[in-house]
Amino acid sequence: MKTRAAVLEEGSKEFEIVELDVDEPRVGEVQIKFTASGLCHSDLHLTDGVYGNSPRYPIVGGHEGAGIIEAVGPGVTHVEPGDHVVCSFMPSCGVCRYCASGHSNLCNLGANILKGNMPDGTFRYHRDGRDLGGMCMLGTFSERATIPARSAVKVDPWLPLEVAVLAGCGVPTGWGSAVNAGGVKVGDTAVIYGSGGVGINSVQGAAYAGAKYVVVVDPVEFKRETALKLGATHAFADADEAAAKVNELTWGEGADQAILTVGVMDEIVVRQAFDIVGKGGTIVVVGQANPENLTIQLPSAMFTRNEKVIRGAQFGSCNPQYDIVKLLRLWNADRLKLDELITKNYTLDQVNEGYQDLKDGKLIRGVIVHQ
């Protein structure tokens with residue numbers, strides 16, 4: 001099977017649209033025709049070195065995807081041809097230690113997401129005798145793909161996939177970082193650093209959970225304005241101004257949660273978050289950084305004295321097969337905003353234009369709609 005796809009070679013700063021061969025699905029795999037793919041910042045990190053030596057090139061970009069199942073391999077029973085699915089960037093086997101204990105966002109099948117090969121170590125994309133990986137074993141910047149069946153989450157067929165696609169990454173990652181990892185409760189004060197495609201959903205999640213104050217810190221005016229429309233009570237371009245306001249709002253006690261969804265994590269924003277939460281406060285680290293960089297260096301004495309908590313959050317600590325469906329049904333009930341998150345649609349050939357818009361601060365979320 002042939003497909004057009006957006007590919008990155010090692011050292012590439014832009015995607016190249018090429019034709020690839022795609023293998024038929026093997027045991028535990030499905031063939032999918034993608035309808036839409038979100039332009040997530042995580043794929044941009046394949047071009048800027050944030051992932052260090054972790055990725056393998058060449059690689060097909062894209063990990064936030066939705067489409068229609070065209071064929072299934074042996075052993076696949078939870079989906080069949082014709083089913084509408086949203087792809088989780090973390091597959092979940094259901095039987096490993098982490099899945100069995102309710103943490104399928106940490107499934108062992110996710111070990112190769114930056115290499116792009118299937119769980120058995122082989123590849124399904126090929127070109128001129130070379131094997132190509134797919135970002136998160138998906139490669140949603142392709143018209144068609146063969147992917148792990150456990151990455152496919154069956155969704156209600158009446159949902160428009162070009163909107164539902166956001167539930168594959170940005171929505172659960174942001175929402176869950178507030179509700180699950182952050183544990184936002186009624187009356188809390190939550191601060192979100194960065195209100196792009198992930199952070200805006202932390203805003204929605206914190207507001208839905210009943211936070212009294214939802215404070216956003218983002219240098220881009222357009223993103224601050226969007227956050228105020230979708231649940232934020234305050235928005236600031238400057239972290240010091242936000243800290244002063246939080247101190248005022250909480251009578252000096254500090255925020256209950258600080259959720260870090262900035263595009264590239266650094267030690268400055270981590271320290272700002274540490275300082276803005278009060279006693280017993282939780283800092284949730286979501287954004288990416290080069291794994292060789294020490295971006296969390298904080299005074300341990302203050303952890304002890306004030307019982308502050310700092311934790312990471314992968315996929316918003318959500319369980320893909322359950323939470324993707326749940327969030328989409330909340331949207332269907334008009335309890336969650338998705339349409340408002342999509343700033344602009346693009347064709348596959350416009351993928352580099354879309355990422356330039358993302359870098360220029362023009363997007364909450366851009367979506368590739370496959371022809």
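This passage describes helix α7, strand β9 and two single residues, His 234 and Val 76, in a predicted model. Residues are numbered from 1 along each chain as its sequence is written. Because the model is predicted, local features need pLDDT of at least 70 and side-chain atom pairs count only at pLDDT 80 or more, whereas totals for chains, interfaces and linings use all residues, and side-chain values use heavy atoms, with hydrogens and water left out.

Helix α7 spans residues 239-249, where helices (H or I, at least four residues) and strands (E, at least two) are DSSP runs numbered from the N terminus. Within α7, Ala 239, Ala 242, Val 246 and Leu 249 are buried, a term that means under 20% relative accessible area, with exposed meaning over 50% and partly exposed in between (1.4 Å probe, protein chains only). These four residues cover an arc of only 85° around the axis, which puts them on the same side of α7; the arc is that of the directions from the helix axis to the C-beta atoms. Asp 240 and Glu 248, on the other side of α7, are exposed. The cover over the buried residues of α7 includes strands β11 (189-193), β12 (213-217), β13 (234-236) and β14 (255-260), together with helix α8 (267-276). At the start of α7, a side-chain oxygen of Asp 238 reaches to within 3.0 Å of the backbone nitrogen of Asp 240, while Trp 251, just after the helix, takes a positive phi of about 55°.

His 234 is found in strand β13 and is buried, with a relative accessible area of 18%. Its side chain is joined to that of Thr 233 by a polar contact of 2.8 Å, a polar contact being a pair of N or O atoms within 3.5 Å of which, within protein, one must be able to donate a hydrogen and the other to accept it, and residues adjacent in sequence count only if both atoms are side-chain atoms. Leaving aside neighbours within four places in sequence, His 234 is in contact (heavy atoms within 4.5 Å) with residues including Tyr 213, Val 216, Lys 245 and Leu 249.

In strand β9 (residues 144-148), 4 of the 5 residues are buried, so the strand is largely enclosed by the rest of the structure. Strand β3 (residues 29-38) runs antiparallel to β9 and is joined to it by 5 bridges, with Glu 29 standing opposite Pro 148; two strands pair if DSSP finds at least two bridges between them. Glu 29 is also among the residues touched by Val 76, together with Gly 28, Val 30 and Ala 149, not counting residues up to four places away in sequence. Val 76 lies in the loop between β5 (65-72) and β6 (84-87) and is buried, with a relative accessible area of 13%.
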